[in-house]
Amino acid sequence: MSAKSSEDENEVQNEDEKIKEYERIMTTDNKEAQPHGIILTLNATSPEHLDGTVFLTEFSTVKCPELDTEIQVGKGETTTVEGMLRDMGSKLESHKSSEEGDEVEVFLENLENLITETKEGNANFELTIECILGAAYLE
């Protein structure tokens, strides 16, 4: 075996190891990362949906049409659907300016009403999570 073919084999082996390491990093709870991102939708129709587990990456965007909002997550986290909704409210509240104060207060009131009514079984809502990494999930 020549030195050249041995070097080529080592390069191929190193490349294979890099690919395996990338796949290991991009896999969460044995769920394969999607190569071009992922869009997940939850139609919450019962109180139990608020307890569902959500994993968000720092590249996730969460949308809720019923609340007319879209939030860039900004950090990776595992939480519940209710926790994610409350985090949305906290982020808006912490970044509000004096001009936006009334709008944010209305949003927070609507958010609390949506959570309360869903817990009582009187409301339905939709959440959409977009993740360009394809690693976010809902359970």
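**Exercise 1. Work out the surroundings of Glu 82, which lies in helix α2.**

Solution. This is a predicted model, so let's go one step at a time.

Step 1: burial. Glu 82 has a relative accessibility of 14%. Buried means under 20%, so Glu 82 counts as buried.

Step 2: contacts. Skip the neighbours within four places in sequence, and Glu 82 touches Leu 50, Ile 115 and Lys 119.

Step 3: the polar partner. The side chains of Lys 119 and Glu 82 make a polar contact at 3.1 Å.

**Exercise 2. Now take the view from Lys 119, found in helix α3.**

Solution. Step 1: helix α3 covers residues 101–119.

Step 2: with 45% relative accessibility, Lys 119 comes out as partly exposed. Its partner Glu 82, on the other hand, is buried.

Step 3: beyond four places in sequence, Lys 119 is in contact with Pro 47, Leu 50, Glu 82 and Arg 86. Leu 50 turns up in the contacts of Glu 82 too.

Step 4: check the spacing to Glu 48. Lys 119 and Glu 48 sit 71 residues apart in sequence, yet their C-alpha atoms are 7.9 Å apart in space.

**Exercise 3. Lay out the sheet and say where helix α2 packs.**

Solution. Step 1: the sheet is open and has 3 strands, in the order β5-β2-β7, with antiparallel pairing.

Step 2: β5 (77–80) and β7 are the edge strands, each pairing on one side only.

Step 3: helix α2 (residues 81–94) packs on this sheet and touches β2 and β5. The helix direction makes about 110° with that of β5.

Step 4: β2 and β7 run antiparallel and are joined by 2 bridges. Across them, Phe 55 stands opposite Tyr 137 in β7.

**Exercise 4. Find the aromatic pair and classify its geometry.**

Solution. Step 1: the structure has 1 aromatic pair. The partners are Phe 55 and Tyr 137, with ring centres 5.8 Å apart and 25° between the planes.

Step 2: planes under 30 degrees apart count as stacked, so this pair is stacked.

Step 3: the pair links distant parts of the chain, with Phe 55 in β2 (residues 53–56) and Tyr 137 in β7 (residues 137–138), 82 residues apart.

Step 4: Phe 55 is buried at 17% relative accessible area, and Tyr 137 is buried at 8%.

**Exercise 5. How far does the pLDDT back up the chain?**

Solution. Step 1: the chain's mean pLDDT is 80, and 71% of its residues reach 70 or more.

Step 2: watch residues 26–30, where pLDDT stays under 50. For that stretch the model has 8 contacts beyond four places in sequence.

Definitions and conventions. Residues numbered from 1 in each chain as written. Heavy atoms only, no water. Phe/Tyr/Trp six-rings, centres within 6.5 Å; stacked < 30°, edge-to-face > 60°. Helix = DSSP H or I, 4+ residues; strand = E, 2+ residues; numbered from the N terminus. Buried < 20%, exposed > 50% of the residue type's maximum accessible area, 1.4 Å probe, protein only. Pairing = 2+ DSSP bridges. Contact = heavy atoms within 4.5 Å. Axes fitted to C-alpha atoms, helices over the stretch in contact; angles between N-to-C directions. pLDDT = per-residue confidence, 0-100. Polar contact = N/O pair within 3.5 Å; in protein donor to acceptor, adjacent residues only side chain to side chain.
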